[in-house]
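Dear colleague,

Please find below the structure that I am passing on to you. I would be grateful if you would read the notes that follow alongside it.

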Amino acid sequence: MATVVVIGGGAIGVSIAQFCMQTDPSLHVVVIDRDLFGDRSSSANAGSGGSRRLFYCPENIAMSDYSIKYVASLDASASPLSKVDWCPRGYLFVVPPHGVGMLESSLRTQHEMGVSAQLLTPSEIRERFPLMRVDDLGAGVLSPEDGWFNAQKYWAVMTQKARDAGVQFMQDAVVGFEEAERSVRAVKLRSGASLQADFFVNAAGPWAQEISRLIGMPLPVSPMPRFEHSFATEFPQAQIPYVKDVQGLAIRSAGSGYSGGLVDTKMTRGYAQALDVTWFDRIVRPAVQWRFPGMGKLELTKSWAGLYEQCELDGNPIIGPWTGKRDNFIVAAGFSGHGLMHAPATGLAVAEWIVHGRYETIDLARFGHDRVERNEPYRERGII
């Protein structure tokens, strides 16, 4: 019986654990997290729950397609208390005139992979969403089968599934590893314990670089602060899809109000999760009022702070083993805001690699760590 140690108990870590047991029930899987499980993960704090197929890289499209279908299946087979609240209200990407070519290029790839999405002119956008400003836009792409789900509920459901399958959870901190030749033999914990295993998975999110550094593995993943807000509007409109523009604004319907934020990838990196109480008024409010002038006055109702695990190389995740160096040490980190979105597909892919030694459902070879070694970024070309 092979033993798998997963470091990190967020959405990625528990998904990997669950899919390992689903792929091979004979595995012994242990998940280690230094905090109370989920306490500081993005899925427990500022996760917006968005999940869409609007990518350029085929791997991202395939991961989203698998993950969306999986999340929808969770609700289809769950009791009311075990649902993750999948909400297929669509995604809308909007771009200025100079971005139309980028949008069309991505749309061709999406159509080739069977994505239901359509190009909209500014007048068509205005007709569907009359409170939205379109005079600065060149086009938009709407994917009506995409949507969002509850991040916290997903984490809870997958954690329970993993526990029911026999996964062991430990609250402890990783402080080192025992290594020999081209493999890791054991993980050393702050409590003084040491766990031997056949495979070790670094799913530590914003802390992934710290974990990989313990074996000398270069990992360009940094913690980046992210704020999410709920707010009400003076003039609500009918439910809107998840709207994103190239300035980083992201806004969707949430109950009788809205949820949204604006990602600034130039923010200073660091682990502090203190909320910038001025962020909404300084950054988000003006962006929302510009894009949706018909909403009128905005009333902030709640804010959260969390961390992105930002991949500084290219914004895409790093998934796979450290081939040729520590062959049984696997990374699943650097999702740059797409971790929850791609958690099911990542769980499946890592489980297949552990059990079969290869990817069988989605080929993620281009997301491997070897591109870090070669310093060859593999970037998304659309709105990320």
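The notes below describe two sheets and the elements that belong to them. Please bear in mind that this is a predicted model.

The six-stranded sheet

An open sheet is built from 6 strands, which are arranged in the order S8-S2-S1-S12-S19-S18 with mixed pairing. At its edges stand strand S8 (168-171) and strand S18 (318-322); each has a single partner strand, so one side of each is left without a neighbour in the sheet. From one strand to the next, the twist averages 20°.

At the S18 edge, strand S18 pairs with strand S19 (residues 326-333) in the antiparallel sense, over 5 bridges. Within this part of the model, Trp322 stands opposite Arg326 in S19. Helix H8 (residues 343-356) packs on the sheet, where it touches strand S1 (3-7), strand S12 (199-202), S18 and S19. The direction of helix H8 makes about 175° with that of S19.

The three-stranded sheet

Another open sheet consists of 3 strands in the order S9-S10-S11, and its pairing is antiparallel. Strand S9 (174-180) and strand S11 (194-196) occupy the edges; because each has a single partner strand, one side of each is left without a neighbour in the sheet. Neighbouring strands of this sheet are turned by 25° against each other on average, direction ignored.

Strand S9 and strand S10 (residues 183-189) run antiparallel and are joined by 6 bridges. Here Ala180 stands opposite Ser183 in S10.

Yours sincerely

Note on methods: Residues are numbered from 1 along each chain as its sequence is written. This is a predicted model: local features need pLDDT of at least 70, side-chain atom pairs count only at pLDDT 80 or more; totals for chains, interfaces and linings use all residues. Side-chain values use heavy atoms; hydrogens and water are left out. Two strands pair if DSSP finds at least two bridges between them. Helices (H or I, at least four residues) and strands (E, at least two) are DSSP runs, numbered from the N terminus. Axes are lines fitted to C-alpha atoms, for helices over the stretch in contact, and angles run from 0 to 180 degrees between N-to-C directions. Contact means heavy atoms within 4.5 Å.
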